[in-house]
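Here's a relaxed walk through one protein model, meant for someone meeting it fresh. Have a look at the sequence and the fold before reading on.

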Amino acid sequence: MVERIEIYIKNEKVAVPVGFVRPVIDHPCLDRNISRVQRILSENDRLALEFTEQFANDKGLPVQVYDVYTFKGRLKAWLKRIRTTPTIIIGTSRIEGELTPEQLECKLQSCAT
């Protein structure tokens, strides 16, 4: 019997340029680019997370999401020997790597039975 579903994903930090500042007119050595750090989720991880949450809601199972970018997520992934993201663990079954939505749905159905 499956008690819960675990999914391991990876958010990445990306610098997003916001603007350009020149504090003193005609003095280029003081020029500064202003950027903001934003965390983004890759397309494959986002799709896997959406399909997993939808599947878990249909089956009435809780989902635990671990971000391997955080310390806790990295530690859990290391303890379970997870090397790639996204990785989905249902009971004793694992679904690893990048899959198409059709493949992911098929594997989720087969692992939950």
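What follows covers the cores, a helix, and two strand residues.

First, the ground rules. This is a predicted model, where local features need pLDDT of at least 70, side-chain atom pairs count only at pLDDT 80 or more, and totals for chains, interfaces and linings use all residues. Residues are numbered from 1 along each chain as its sequence is written, and side-chain values use heavy atoms, with hydrogens and water left out.

Let's start inside. The largest nonpolar core (buried Ala, Val, Leu, Ile, Met, Phe, Trp, Tyr and Cys residues joined through side-chain atoms within 4.5 Å) has 14 residues. Buried here means under 20% relative accessible area, exposed over 50%, and partly exposed in between, with a 1.4 Å probe and protein chains only. Among the residues with the most contacts inside this core are Ile5, Ile88, Ile95 and Leu108. Two or more residues each come from strand 1 (5-9), helix 1 (43-59), strand 5 (87-90) and helix 3 (101-112); these elements are DSSP runs numbered from the N terminus, with helices (H or I) of at least four residues and strands (E) of at least two. Helix 1 gives the most, with four residues. Apart from this core lies another, of six residues, including Tyr8 and Tyr66.

Now for helix 1 itself. Its 17 residues reach 24 Å from first C-alpha to last, close to the 24 Å expected at 1.5 Å a residue (that is, 1.5 Å times one less than the number of residues). Asp45, Ala48, Leu49, Thr52, Phe55 and Ala56 are buried in it. Seen down the helix axis, the buried residues of helix 1 fall within an arc of 140 degrees, so they line one face; the arc is taken from the directions from the axis to the C-beta atoms. The face turned away from that side carries exposed Asn57 and Asp58.

On to the strands. Thr87, in strand 5, is buried at a relative accessible area of 0%. Contact means heavy atoms within 4.5 Å, and, not counting residues up to four places away in sequence, Thr87 touches Glu6, Ile95 and others. Glu6 lies in strand 1 and counts as buried at 3% relative accessibility.

Here are the polar contacts of Glu6 (pairs of N or O atoms within 3.5 Å, one able to donate a hydrogen and the other to accept it; residues adjacent in sequence count only if both atoms are side-chain atoms):

| Side chain | Side-chain partner | Distance |
|---|---|---|
| Glu6 | Arg4 | 2.8 Å |
| Glu6 | Tyr8 | 2.9 Å |
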